[in-house]
Each structure stands twice: as structure tokens, then as C-alpha cells.
Amino acid sequence: MNFDPMAAARLLDACSAGIVLVGILIAGTRSIGRAIWLVGAQAILLAVAAFGVGVATNSPHLLIGSLLTFAVRGIAVPLILGRILRRSPVRVERNPYLNPRLSLIVAIVIVFAAAITMDNAALGGPLDAPRALPASVAEVLTGLLIAMTRRKSLSIVVGLLVFENGLALAAFSLTYGMPLVVELGAAFDLLMVIVVVGVYARRMLTVFGSLSTDELRRLRG
Amino acid sequence: MNEVAVAILLLAPVLGGLAVWRMIGRRAEITAEISLGVTTVAALGLASAALTGGRLVAFADLISLDALGAYILALTATVACLAMAASPRYVRHELTAGAFRQHDEGRFYALFLWFVASLVVVPIVDNLGLLWVAIEATTMVSALLVGITRTPEAIEAAWKYLILGTIGVGFALLGTLLAYASSVHVLGDSSDAMNWTRLMSIAPTLNPNLLRISFVFALAGYGTKIGLVPFHTWLPDAHSQAPSPVSALLSGVSITAALYALIRFHLVAAAGLGPGFSSTLLIAFGLLSLAVALPFLVRQEDVKRLLAYSSIEHMGLLTLGIGFGGPLALLGVILHLGLHAVTKATLFLSAGELVQQYGSRRLSRIRGTLASAPVAGGAFGAGIVLLGGLPPSGIFATEFAIVVGGALAGYVVAAAIAAVLLALSFVALAVHGSRLLWGRTAPGISVVHVGRGMALRLAAPLFAVAILGLWTPGPLADALNSIRAVLAVHGG
């Protein structure tokens, strides 16, 4: 395939913009189901970007990493989370600490702040894609915002995944992507996170009857 | 040869865990013990080879074991054996009490072995990315162990551990990526650019700005797993709610493994930037952890949380000592790392015994243990005295070395503050300990007699800690010196 670095950089930039947009949508939704498939869509954009960078820089480990991202973050994780959600009686974020409309605005502010402060922060990555690094920082922060302001355990996990997507984007924009063994290990770890989340979500449903973290405030001091 | 030993080290607990998953009773215990025994032999073999013969390399550039890694590896295996030795008695009690269901027995041993498997990966890998993968894996496996009893409190502790651990370690990944990025202009897209040995060798040419941010993120990330204040909030919950043998592993080796990861970043940062930047941060966070842990030790009502806050305190002290640098402080740090791991693990095991006997974790309930539980109570009391650093404990010698070494290295004020905080926390522990030993036992607590085997298992490690305060065997002194050589910072 003939794919020059300029085009790959533009693809990376375009995907970064898409990832940021999806992140804002996730921050602004009350429906946990929609948040789950949006975070999957975000991962698929990530996989597309990684594929482009992999082809342009001719690095097979990035191509494999891209396929892994697609299969694990884009498909498997949303499917597993969707299955957990179907067991839960409540599937919307009823009264999060921060109203979704307000977190949507905060997410937009985060994006602009990241874009302004990290303008032209070319840190020696392989491609000249100036939007990728600010986008990854914005996603890391948006993920933290979602994880800290939601009450339902699955929404918190969605925040965690947005955070991790931001980290993965940082990996592409700062470096040539991680070596293949690390990529494999990270995918394995992410699957483990989701399995453990599934185990505890089931236990919360049995013990507390809901996936709300309101029950989790017994331990103090 | 090295390849075979590494393969055995990793495969024995992984396969043993698969085998033991569905087993119950004596079969499960024996399978787990054999599998851990095989791992231990491989770990000690590799560690002694690396300590006597210099750095070991295996599987191309994946595995690299130097003196520091060898020490952590040997320590992990030792503490895992102590915890495993106490597990059958613990598990049987939980099964009788109904806290464990029948199938939890096999799962407990399987997860225990996988926890050990993920822990032994940490000190042997060369690649900082794989180091991160291993630390993240320890969180996942141990989160399953923390909540194995399914009580509301255990689920809460496990959930907090899972979420905060993942976010924290996520920052460590960012730190790892930035360390990698700091080398891209020198190494380009090479597969060993994430190896710490490679980064150390080209440290002066690394991008200093990226290296600085990298260390800050690694400190926040691995600091979460270590339990450094203010990233520690999950630790007292998880370490107190876990089954006691797992608490022993968490407080003995899991946080030590995370500290090892942070040390690697400190060494790369110090080699690239000079020691000033990372040392200052380590000293600040170390002192903060010492100071914040103190009030929680004083006002503590839960015996296992008392031990957990003491872990935060000791990790703060170790972080402080690494920041101090200097030959004396580093020698103290190295020995303290091991003595704390062994003492704390034994304390958690004896506390577990007391909690089961009294049916409560509350310090106001667990009183007069010398009369009603002489072995576990006595071990707990002796452990507190040793941990507090009363001579002849080895911990007296190591704390003395860290504080005096810090003053000698020029950090007089920080060393003085640390000395005061250590003394105060000893008083807090001693007050709790004396009530626990001699206070009046609540009615209805029956005297429990434990076998000689259990007594020996609790007494032997404490005896070793006491002896090391008086006398260091020759080979150990050599080993300590070669580990110190790894930790010594040459940079600028």
C-alpha cells in the first residue's frame, strides 16, 4: 500500500478530532448504554488512526496493535459491558454529581484548554500531527471527569475507558507505538479489568440490588 | 539455563493456578504448596545466580535481572511462602465460619498463585512497558482476592482498589510512554527503546523536559500502588478487607514491587537529569506520607487498618531514604525493604489469627490476647516491637541508618522531622500493642491453642528480623553492597 506520511498525519489529526468529539458526547449523555457504544466507537477511531500511522511508518507492530485495539477496545469490551448493563434494573445516570449538560460544557472547556496550552507541542513523535497530543490529553482529562462525577459503577468504568483511550492516543502521537509484547500485555490487562469489573458488578447487583456506588461508603478512617 | 529457570518461575504458578481452580480440601492445599514451592526454588536460584554472578539476561532483551531485581525477587518468593504457610488454616476457618463458600477454596489458591506470578514478573523484566503490564496485572488479580468474601465492605474495598488502582497505574503508563518518547530522537523506532538498561546507557542524551514529566507521572502512578500520600486512599481499605494471607502479600510485597518500579524511574531520571529533581520529589512525598499516616495510627480502631497505615508510614520512610541517597541511607533502605516486608507479613498473619478468634477487627474488642491467644498475641506484640524499631530489631538499625544517612547527605531538617515522626508512630503502635496484649478480655472469648507448626511459622521470621539487627552474615553483607551499587545514583 502506498501511503505517504503527510496523508497519515492528516488521518491521525482527523481521527483525533473525531475522538475528542465522541468524548464530549460521552460526557453529555445520561444513557449508560449509549456511553458504552460511544466509547467503543472512540476506540475504533483510535484503531483507524493507528492503522494509518502503522502503514505510513511501515511498522507492523502498529498494525497488529491497531487490530488489537479494534477487537478488544472496539468490540469485545463494549459487548461485555453491554451484557452487564442488561442485568441492571437501572440503565441511566439518574443524579450524577455533575449534571451531564454541565459535564458536556466542562468537557468542551477541557478540549479548548488542551488545544490552547499544547498548541504546536511537537514532542518528537514520528509524524507531524499537531492535534493528536492535545486530543490525547483532553481525553485523559475527560475520562477522569466522567469517572469522578458519575454514580453508577458502569459509567465510572466508561470514564476509565475514555481515560485509557486517551493514553493509547498519546502512545501513537508521542512515539512509534509501544513494542508488540507491551501492546499484547496491555490488551490482556484491559480484558482483565473488564472481567474483574464484571465480577464485582454482579456481586454489587446481588448484595446491594443495584450498580450504584452510593452503597460504597462504609469504610472510613 | 536462565531461560529454563525463568520459564519455570512463571509457568509453575500459572499452571498450578489453573489446576487448583476447581479443587477443594487437602488436594487444593497440596497442589498450591507444590506449585509455589517450585516457583520459590526457581526464584531463589535465579536471585542467587544474579547476586553472585552479576546481571542475568534471558529471552533476548526481555528479561534482565540485576542485584536489586534479584533481591526483590527473593523477597517476593519468601513472603509468598510465609503467606502460603498460613493459608490452609485461615481458609479452613473461613469455610467453617461460612465466609468462604466451598468453591472459594480452589479459587483462593488459584488467585493467590496468579498474584504471585504477576509479582515475580515485576523485578525480572527489562522493558518498562512490560513492568507496567505486570503491575497492572497484580492489581487485577489481587482485586479479585480482596473481595472474595462478598461482604459489602469487601466489595467496597475491592471496587475502590480496582478503579483507583487502574487510574493510578494509567498515569504510570503515561510516565512510561514519556520516558520512551524522551528517547525517540536518539533511538527511533527500536524494540529495546523501552528497556531501562537501554535508557540508562543513553541517559545523558534523553530529552530532559520529557524525562521530568515522565518521572512526575511515574511518581503519581506507581505512588498510588505504593500507597504514598495523597494517592493512598484505597490502601487501608484493601489491605484491611482482604483475607489475611492476602493482606500479608499486599503489604509485604505488592507495594514493595511498585516501589521497585518507581526506583527504576528514579534511576533513569537521576542518570539523565542529575539526582536533584527526582530526589527532591521523593523526599517531599516520603515526608508527607510519614506525617499523614501518624494521626491515623494514633486514632485507629481496626487492627488491620492499623497495620495498613503503618505500611503507608514505612513506604514513606523508604521513599524518603531513596530520595536522600548517600551510601548509609541506601544501605538502610535496602535492608529495611526486606525487614519491613517480612515483619509486616507476619503481623498480618498473626492479626488474621486474632481476628478469626475474636470475631472482630476492632482494637477495643481484641484485648488480653496474651492470656487467650498466647501464640498469635505474642507474635503480634513481638512484631509491633520489631516494626517500631526498638533495639535489637534490625529495623532499629535500618531506620537509624536512613535518618543518619539523610543527615550526612545534607538533609538535616528532613532527617530530623522523620526521626520525630518515627518515634511518635512507635509510641502509637506500642500503646495499641500493649492494650492488645494485656487489656481485659471481653467475656465469651475462649482460649485457642495453636499447634507448634503455626507458632514456629510466626516466630521464625520475627526471630530472623531481630537477629539481623545484631549481626549481618558475610554473604548477605556482600549482597547488600552489590544492591547498593545498583541504587547509587551517578548522574549529572
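Reader: How do α16(B) and α18(B) run, roughly parallel or roughly antiparallel to each other?
Author: In this predicted model, α16(B) and α18(B) are roughly antiparallel to each other (angles over 145 degrees count as that, under 35 as roughly parallel, 65 to 115 as roughly perpendicular, the rest as oblique). Their axes cross at roughly 170 degrees and come within 10 Å (lines fitted to C-alpha atoms over the stretch in contact, angles from 0 to 180 degrees between N-to-C directions).

Reader: Where are these helices in chain B?
Author: α16 covers residues 374–388 and α18 covers 412–438 (helices are DSSP runs of H or I, at least four residues, numbered from the N terminus).

Reader: Which residues of α16(B) and α18(B) meet?
Author: G377(B), F380(B), G381(B), I384(B), L387(B) and G388(B) in α16(B) meet residues of α18(B), including F426(B), L429(B) and G433(B). "Contact" means C-beta atoms, placed from the backbone, within 7 Å.

Reader: What classes of residue are there?
Author: Eight nonpolar, four polar and no charged (Ala, Val, Leu, Ile, Met, Phe, Trp, Tyr, Cys and Pro are nonpolar, Asp, Glu, Lys and Arg charged, the others, Gly among them, polar).

Reader: New topic: how many residues of chain B contact chain A?
Author: 38 of them, in contact with 37 residues of chain A. The largest share of chain B's side, 18 residues, comes from α6(B). By class that side has 24 nonpolar, eight polar and six charged residues.

Reader: What are the scores?
Author: ipTM is 0.92 and pTM 0.94. Chain B has a mean pLDDT (the predictor's confidence in each residue, from 0 to 100) of 92, with 99% of its residues at 70 or more.

Reader: What about numbering and cut-offs?
Author: Residues are numbered from 1 along each chain as its sequence is written, with chains lettered from A and ligands numbered from 1 in the order written. Local features need pLDDT of at least 70, side-chain atom pairs count only at 80 or more, and totals for chains, interfaces and linings use all residues.

Conventions
Contact = placed C-beta atoms within 7 Å. Helix = DSSP H or I, 4+ residues; strand = E, 2+ residues; numbered from the N terminus.
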